Each structure stands twice: as structure tokens, then as C-alpha cells.
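This report covers a two-part topic: the confidence of a model and the packing within it. The sequence and coordinates come first.

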Amino acid sequence: MFSIEVLGLLLSATIQAGTPILLATLGEIITEKGGILNLGVEGMMAMGAFMAFLGTYLTHNPWAGFVLGGMGACFLAFLHGVVCLIFRGNQVVSGLAITVLGLGLANFLGTPYVGIKTVGFDKLDLPLLKDIPFLGEVFFKQDVLVYFSLLLAPVLYLLFEKTRFGLRLKAVGENPYAARARGIKVFFYQWVALLSGAFLVGVAGSYLSLAYTHVWTNGLTAGRGWIAVALVIFAFWRPFRAIWGAYLFGGVMALQLRIQALGSNISSSLLLMLPYLLTIGVLLLACFKKKGLDAPAHLGLNIEPKD
Amino acid sequence: MKMNPLVSLRNISKSYGSVRANDKINLDIYPGQILALLGENGAGKSTLMSILAGKSLPDEGEIYYQGQRVFLTSEKDSLALGIGMVYQHFMLIEEMQVWENIALGQEEGFWVRKNKIKEKIKDLIAQYDFTLDVDARVKDLSMGEKQRVEILKLLYQDSKILILDEPTSVLTPQETEKLFAGLRKMAREGRAVIFISHKLEEVLEISDEVAILRKGQIVDRVATRDIASPKELALKMVGREVLLDLKPREIEPKEEVLKLENVWGEKLKNINLSLRRGEILALVGVAGNGQQELVEIITGLKRKYQGKVWLFGEEARLFFDSPKSRDYLAYIPEDRLGMATCPELVLTENFLLTLRHHFQKGPLVDYKGAERDLWSKIEEFKIKTPGTHLKARQLSGGNLQKLVLAREFRREPKLIIAEQPTQGLDIGAMQEVWKLLLKAREKAGILLISGDLGEALSLADRIAVIFAGEIVTTFSSRDGEKVAQIGFFMAGGK
């Protein structure tokens, strides 16, 4: 039953399922590099998904949806920033509140549109590359957001490791007081990290409503935001490892759908549980590899004003 | 031959609550000079310099840079003028590499040009004869190396005024020599070096001029070569005659409170000790010879060892399970901020840490009562603080230590384990702590672990020397012959 074509389809589905998780994970990595813990990913993703749908539905242009989706998440991130960066509120509590708010807002605003279809990002075959046997089928007959997410990982790697911005951002996340003593405007970097990270989380949401499906339903995110939060730890805050992590989850999601479709007699509830079980699994794995403790040292802590 | 000052501070004042840390200070800083700021803890040295470094804002006063009035509202402003400071608590990013720490904030352009930056740093390292691996992660460095990273940060951006806050407190004597050589070179190049310290000998050795601060004011400024004796300097610093010889009168020792019989541990080898109420036993030795393990065993922090430990005639295990353990034994740890106190808790809460059971009202804690009690202790122990709502980390070292002593003595312990009780304290605070310990001796037996021989000899009735986990010898501090040989014992001689 597992012919090479089936495998190809499965891998292709893996990438589609993994892409939103990858985008959200990369977004959260940027934010956390700046020392900000954002547990609102799930809510921001839902908000992004809805705003992207709405933007596309109204303009018939998926790129308008793309931008609006990112902006939707940025709006929630802005609230998070006001609470945590300006008023130095608790980042965990604020993040959780934003998840609840984002999920609620998306459901509330989206109710009239449930079941409505819209245009979205269609498959965009890359010339020449698509003709590579097998790999072309898996990787190069995807939609534009897949290519975007795959390009993003090396771009972020270069940003963190080779640029002035990256060096300073990491310094802020590790020890904002040391960074401030060197004349770095720590809050500027934190706001940039928070908002740009949130934009990507919003784009991850857009992927769900514009590429993964072309229709609006409630509860589209289904815990993917939480998986992204866990994956950041699994990826040790490194963009390339995020790719493997996200596709691992994509694979399990695609596989369980496949097994369900084959009419296996394993309960579907158990199969649906698989990605979340895997989340716990990878977190344990990351703990066993002690290097997983590479979290930015000042993650989740507020910066005291100077006297 | 006086040149124009590079920086002039005029009428600088700064208060924290009701404590006036700086009171109308005037100070000129000249290029090519090493200026020592000498003063007790809390005299306002660090405050004054953090104002110059842009870290704190003065309440009043003006700052002139080459005659021009400037406003230093952030570290960035000061750095731009070439004023940089090496803080006592290093401002380094532990996870990052040495070169990244040094270049941070000074990188140019979009891309970080790693090789070029590293070359420049290596040149500086060679120029000042530092030894340092630019690729090492800061967390793997020794304190001395970390300090060099801090200094290189300033040299990398060609700072003209370098401020060092108590730089030698973390250094070995050899490292101190190297640092001094580097500082002299910097002064020869025309930089101004400001050296904050409370150690007299050091100040005399390194500085060209000394400015003495006391209670937020500059009481004197003298050229170092005109100073006749360190004693004169000390007098100016504390404003009262220093009692360097306390000569404790002997007390008749009472019952035995601590006894160790053939105790073996990871480092310890066959330790036998006995301590009575009314005496101070000083355990001296080079750090790392098993002192820490011994303290951990006696205080019950470590329960894996061979042999017998008796506390107040009871076996240690039984003692720690009995209600007596609440008050009979007091421990004054070396690590004041972290082990003795919680840095982020306010003073009242820190006061309650070991006194909870004294302030119980049913299931509740009597905060009001504790606060009243703390106030009386603040007066009794002369702790300088604007209030009880301050966090422990906001107190200076000496005042924090006095708080810890006040708290522990409040329990009226019969056995006190005091670990390096005056480390990092200035002479004034040191004297006060010594007097408090001598007073406590009347009611308790004190085991003093000290790296400072002068301290051990001034306070102790008996001295035990530890080397490589063994008690080499124990003798009375009045035994002149043995006392003369301490150095020999500390190196393992018998």
C-alpha cells in the first residue's frame, strides 16, 4: 500500500501541514530571541487566520489577506507589548490572556462567515525544479507560502548570526542591562522582535485559511500555536532545527489523517491525539539533551527601569 | 603643571529616599592621571561614578566636558563622550563570545565583520599585555578574565575616561599586578583612570591622586606622593580612629556546643573539633581546603559523611529533627545576597526568613510586629536604610551583613557559624561586625571561617589551621610561637 506515489503524496501533505507550524515557530523564535515570551501564539494565529480570510474575501486578492493576517496578529502583539514592555506586566499571564482573546475574537467575528469559500494561494509549480523526479513532486509543486517559509529559515539564520541587528537582538534577550550599558535601545529591539515575530505568526494563521483550506471555519488553529511554542524549545531557538521539528509534526498530522482515511480500526480520537503526545515527547527529548537549556537568559523577564 | 580638566563635576547631589548618597560634590578629572576614589561602603563613590557613566541621573548639579556643559541622561551619552565604567557586577552576556561582548554596540554597518573585529581586539590584547581568548564564551572565563573583557570593551571604543569600581576585589595578587600595569599604560597614553576602592595599600600603590569621600561628600583630595602614612588616609576615610587591635578579654568557656569526631567527607579527612560556649574558634586556611564542606556538614546542609557530629550533646541527625534546631544554631553564610538573604524580597521579609516562628499568630505571620522589631534592630545595629520596604539587593554590603547579624543574633543562638563575615566590607563596617561577634561570644560558641589572618588573630581564642581537608593543628591565639608559624601550617607543614 505504500508505493512511491503514496509516499510522495504523504510527504507533500507533510509539508503542507508543517508549514503553518514552521511559520509560527520562526515567528516565536524571533520574539523569544529578544527575551519576550509570547504564549499568545495560538490566539494570534487564529486572529491572523480570520483577518487573512476576511481580507481576501473582501478584496479577492490573497496578498491583501496575507498582509491583513499579519496585521491582525500584530494588533494582539501590540497589546502584549503594552502590558509587558510598557507596564511590565507578567508575560505568561498576558500571553495566556491574548490566546483566549484571540481565539474568542476570531470565533466571534468569524461566525457569519463560517463555511464561506474564498480565493487563496494556489499551487505554484516552480519551473524546471518541478520536473525533478519525486523531489519535484514533494517540494516544488507547493504554494508560495511554503517557499516563503523555507526561504525564511536561512534568512533568519543569517540575521541572527551575521548581522548587527541579530547580535544586538540576542544581546537584549540574554542580558538587557548589559546591552543598555552599551548604549543599545533595548525596547526598540524588543518591539521590533515582538511585532515582526507576531507578523509571521499571523502569516502562519493566513496559511491555514488561505492555503491549507480555502474556507473559513471556527477553530482552524486546533492547537498548532501551542505546538509552535513547544517547538521553539525543541529547536533550541535555531531556525534550521525549526524546519525539522515543524515537518516532524506535519508528518504525524498527515499520517494520522491517512490512517483514518484508510479506515483503520484505531479510534480517531487516539490518532488525533498523536501530535500533542509528540509535543510532550519532543519536549522531554529536548530536556535530555542538556543543550536545550540554551534559552535566552532573560526570556520572559521584565526589564527594570534604571534608577 | 595642571592642565585643564577633562571633566568637571559641579555640585552633584543625589538622594535615595532619605539617604543622601552624594551631597554637593565637586570633582575635576584630569587626563593622564590615575585618580583614586577612596571611601567606605555607602560613602557615595559608586553613586557618583554611575552618574558620570550616565547610569544614574543626579538630582542636582552640572557636568562639564572640556568646559562645555553636558547632560548625561543615559550610558549612551557618556559612552559617546568616551566615558566608560567597569561595574563591580560585570555587565557581560554570559552566553556570548568574548569578541561579541566587546564589539556589542560598536559594530558598524549591516553585517558584523567578525574577522576585522577580532583582529582589532587581538591588537588591543597584545598592546596591554592581557591574556584572553577572543572566541571563548564569557561564562567559561574566570573573574579576572571577565574583568579584562570589561576593560577591553572600553578600550575598543577608545574611551578617554575609564572608571573601575573595586576592580581588585575579584582578582588574585598576580592578576592585580597585571591590571595595575595595564592601568598605568592607559594613563601614560593620556587617558584618565578613576579607581574606586576602599583598600588603602592599593590606592597608595596605583594612584596619582586620592579623593576621599565620606558620607556623600569629598572630604579631601591629595596627591598620593604627599601621603605620609596609610593610617592618616584611613583616618580621613572613616573620620575616627581605627581600632585595629581589639584584644578580646577572655571568657571562661562554658559547656561544649559542637564536637566533631573522626569526620570524613569528600574532601575532609578525619576531622576532630570541639567548640565551647564563650569562645571563638577560627578556622583558617587557603580557600578550597575543605572549609566549605565542613560548614555544610555542621549546618546540616550536607548529610552524607562518615564519623560523628555532636551539637549540644546530641547527635547531629537528632538535633536537626528537634525543635531546638530552630534557634540554637545560627549560620552566617559567605554569600550574603543569595544564601543569607533573598535579593528581591524586602527587608522585613528577609528579617523573617529565619525568625518566622518568633512572629507567629496562629497560622498567620505578624508582619507589624516583625517590622517594629526590625526597626529597633536597625537602630541598635546602625543599619543605614531609608526604610524596611527596601529590597535586600538595594542595601550596601556592610549594611546587609549587619541586617543578617541582627537577624541571627535575635534568635539568641548558642552556636554561630560565621563564614567570611567581613569580606568586602570597609574598615568601619568591619570593626562593627567584629564588635558584634565579640559581644555574641558571651552567649555563644562561634566558629569563624576566615581567609583574613588579621581577623582571625584579632577575634579568636583558638585557631585551627586546615589544609587539604585536614586540621593541621589547633592552638591558642595567645601562643606566640605557633602564631608565628601560621603561614607554614597553612601550606601543610606540621
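The text below goes from confidence to domains, the interface and one helix pair.

This is a predicted model, in which local features need pLDDT of at least 70 and side-chain atom pairs count only at pLDDT 80 or more, while totals for chains, interfaces and linings use all residues. Residues are numbered from 1 along each chain as its sequence is written, and chains are lettered from A and ligands numbered from 1 in the order in which they are written.

For chain B the mean pLDDT (the predictor's confidence in each residue, from 0 to 100) is 88, with 96% of residues at 70 or more. The complex has an ipTM of 0.87 and a pTM of 0.77 from the predictor.

Chain B has two domains (bounds from an automatic or database domain assignment), listed here.

| Domain of chain B | Residues |
|---|---|
| domain 1 | 7–238 |
| domain 2 | 256–490 |

Their centres, taken over C-alpha atoms, are 34 Å apart.

Between the chains, 19 residues of chain B are in contact (C-beta atoms, placed from the backbone, within 7 Å) with 19 residues of chain A. Helix H2 (residues 75–80) of chain B gives the largest share of the chain B side, three residues; helices are DSSP runs of H or I, at least four residues, numbered from the N terminus.

Within chain A, the axes (lines fitted to C-alpha atoms over the stretch in contact, with angles from 0 to 180 degrees between N-to-C directions) of helix H3 (residues 62–86) and helix H4 (residues 91–110) come within 10 Å and cross at roughly 155°. H3(A) is therefore roughly antiparallel to H4(A), a term for angles over 145 degrees. Residues making this contact include A:Leu76 and A:Val83 of H3(A) and A:Ile98 of H4(A).

Key. Two residues are in contact if their C-beta atoms, placed from the backbone, lie within 7 Å. Helices (H or I, at least four residues) and strands (E, at least two) are DSSP runs, numbered from the N terminus. Angles under 35 degrees count as roughly parallel, over 145 as roughly antiparallel, 65 to 115 as roughly perpendicular and the rest as oblique.
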